[in-house]
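Dear colleague,

I am handing over the structure below, and after it I set out what was found there. Please read the notes with the structure open beside you.

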Amino acid sequence: MAQSTATPVSARAPRLRDVVALLKPITWFPPIWAFMCGVVSSGEAWGPRLPFIMLGIMLTGPLVCGTSQAINDWFDRHVDAINQPDRPIPSGRIGGHWGLWIAIAGSALSLAVAMLAGPWVFGATSLALAAAWAYSAPPFRAKMSGLWGPGLVAISYEGLTWFTGASVMAGGLPPAPVLAVLLLYSLGAHGIMTLNDFKAVEGDRAMGIRSLPVVVGNDRAVRIACVTMAVPQIAVIALLLALGHIGGGMIVAGLLGGQLALMPRLIRNPVGQTPWYNATGTTLSVLGMLAAALGLGGVLPL
């Protein structure tokens, strides 16, 4: 069945509060956290790079993440008109093609700001924006896939933002251990993103979205997600210990142990327990990111 792409007819300029609602500030925290992990992992002094740190926070949060939310809401407006009609675009608070124009303007502004931070940051920002458009927009619309959709979000929210923070501090390409850890946490974030699919299985099935729970069922999907979250952290622990970052490795190991202890409850009821696990197990994983960054940056005593 063809999907309607109709938009509200009103084309008046939207109010600032409605634009802010479209950009969803609550979603900015994860990429800003990953960016700060990149800053810490560099081991560089903050003082001389403080203007670039502030620039990076603005870039990874309100600009790139906010723009990705606008992109997603524009291309999901026909779905939101059914499931979440109170959102700014389907409700008509942002009418006409304003949603698309905001997404385009946000992309252009993000690239312009990224140029101020150097070529590596500009490259990472370009990739993040390309992923945001590919995730939501046809013909790619990667969100329809349980493999590519969560993967693009994970690499954008975790890997590229961590890379941006480390690049801002290093003034160039981060060292290999930092690159390895940020890639491992990006892989683990794929499992975290998969957890978000359990709340919308029926809707995804009706809309033809091939999320992992839709394709393989809830029982197998939650087990795959748990393995995907845990295995990269094991690799991070091994890498930190091999590099002599004993304190960071032991902290990450302890936090992973907590996640493993919580996973059986999640596995028994992924639909009902995903919010609980996100508040507990996912929080432990995010704290592990910081511990790994502190280890790589030489902040921990061991």
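Leaving aside its neighbours within four places in sequence, Thr60 is in contact with Pro31, Ile32, Phe35, Cys65, Thr161 and Thr164. Please keep in mind throughout that this is a predicted model. Thr60 has its place in helix α3, and it is buried, with a relative accessible area of 5%. One of its contacts, Thr164, stands 104 residues from Thr60 in sequence, while the C-alpha atoms of the two are 8.3 Å apart in space.

Helix α2, which covers residues 29–41, is a good place to continue. This helix has 13 residues and reaches 18 Å from its first C-alpha to its last, which is close to the 18 Å expected at 1.5 Å a residue. Its buried residues are Pro31, Ala34, Phe35, Met36, Cys37, Gly38, Val39, Val40 and Ser41, and they pack against α3 (50–75), α7 (148–170), α8 (176–195) and α13 (270–296). After α2 comes Gly43, with a positive phi near 75°.

The structure holds 6 aromatic pairs. In one of them, the rings of Phe29 and Trp33 have their centres 5.6 Å apart and their planes at 50°, so this pair is tilted; for a tilted pair the angle has to be neither under 30 degrees, which would count as stacked, nor over 60, which would count as edge-to-face. Both residues belong to helix α2, where they are 4 residues apart, or about one turn of the helix. In an α-helix there are 3.6 residues a turn, so residues three or four places apart point the same way. Phe29 is exposed, with a relative accessible area of 51%, whereas Trp33 is partly exposed, at 21%.

Two further buried residues show what surrounds helices α8 and α13. Val178 is found in helix α8 and is buried, with a relative accessible area of 3%. Not counting residues up to four places away in sequence, Val178 touches Ser41, Trp162, Ala166 and Leu296; of these, Ala166 is 12 residues from Val178 in sequence and 7.9 Å from it in space, C-alpha to C-alpha. Ser285, in helix α13, is likewise buried, with a relative accessible area of 7%, and with the same kind of neighbours left out, up to four places away in sequence, Ser285 touches Tyr185, Ile192, Gln233 and Gln259.

Some backbone details may also deserve your attention. Most residues other than glycine have a negative phi, and most peptide bonds are trans. Against that background, the peptide bond from Pro138 to Pro139 is cis, with omega near 10°, and Pro139 lies in the loop between α6 (119–136) and α7. Arg141 lies in the loop between α6 and α7 as well, and its phi is positive, near 40°, although Arg141 is a residue other than glycine. Lys24, in the loop between α1 (16–23) and α2, is not a glycine either, yet it has a positive phi of about 50°. Lys24 counts as buried, because its relative accessibility is 15% and the cut-off for buried is under 20%.

As for charged side chains, the count comes to 7 salt bridges. Those of Arg141 and Asp76 meet in a salt bridge of 2.6 Å, N to O. This pair links distant parts of the chain, with Arg141 in the loop between α6 and α7 and Asp76 in the loop between α3 and α4 (77–83), 65 residues apart. Arg141 is buried, and so is Asp76. Another salt bridge, of 3.2 Å, N to O, joins the side chains of Asp18 and Arg15; here Asp18 is buried, with a relative accessible area of 2%, while Arg15 is partly exposed, at 38%. A further salt bridge joins Arg87 and Asp80, at 3.3 Å, N to O, and salt bridges that share partners join Lys24, Asp73, Asp80 and Arg87 into one network.

Finally, at the surface, Leu241, Ile246, Met250 and Leu302 make a nonpolar patch of about 390 Å². Met250, one of these residues, is found in helix α12 (residues 246–268), and at 53% relative accessibility it counts as exposed.

With kind regards

Technical notes: Residues numbered from 1 in each chain as written. Predicted model: local features only at pLDDT ≥ 70, side-chain atom pairs only at ≥ 80, totals over all residues. Heavy atoms only, no water. Patch = residues over 30% accessible without salt bridge, like charges linked within 9 Å, V, L, I, M, F, W, Y side chains within 5 Å. Areas by Shrake-Rupley, 256 points an atom, 1.4 Å probe, with all protein chains shown as cover. Salt bridge = Lys/Arg side-chain N within 4 Å of Asp/Glu carboxyl O. Helix = DSSP H or I, 4+ residues; strand = E, 2+ residues; numbered from the N terminus. Buried < 20%, exposed > 50% of the residue type's maximum accessible area, 1.4 Å probe, protein only. Expected span 1.5 Å × (residues − 1). Contact = heavy atoms within 4.5 Å. Phe/Tyr/Trp six-rings, centres within 6.5 Å; stacked < 30°, edge-to-face > 60°.
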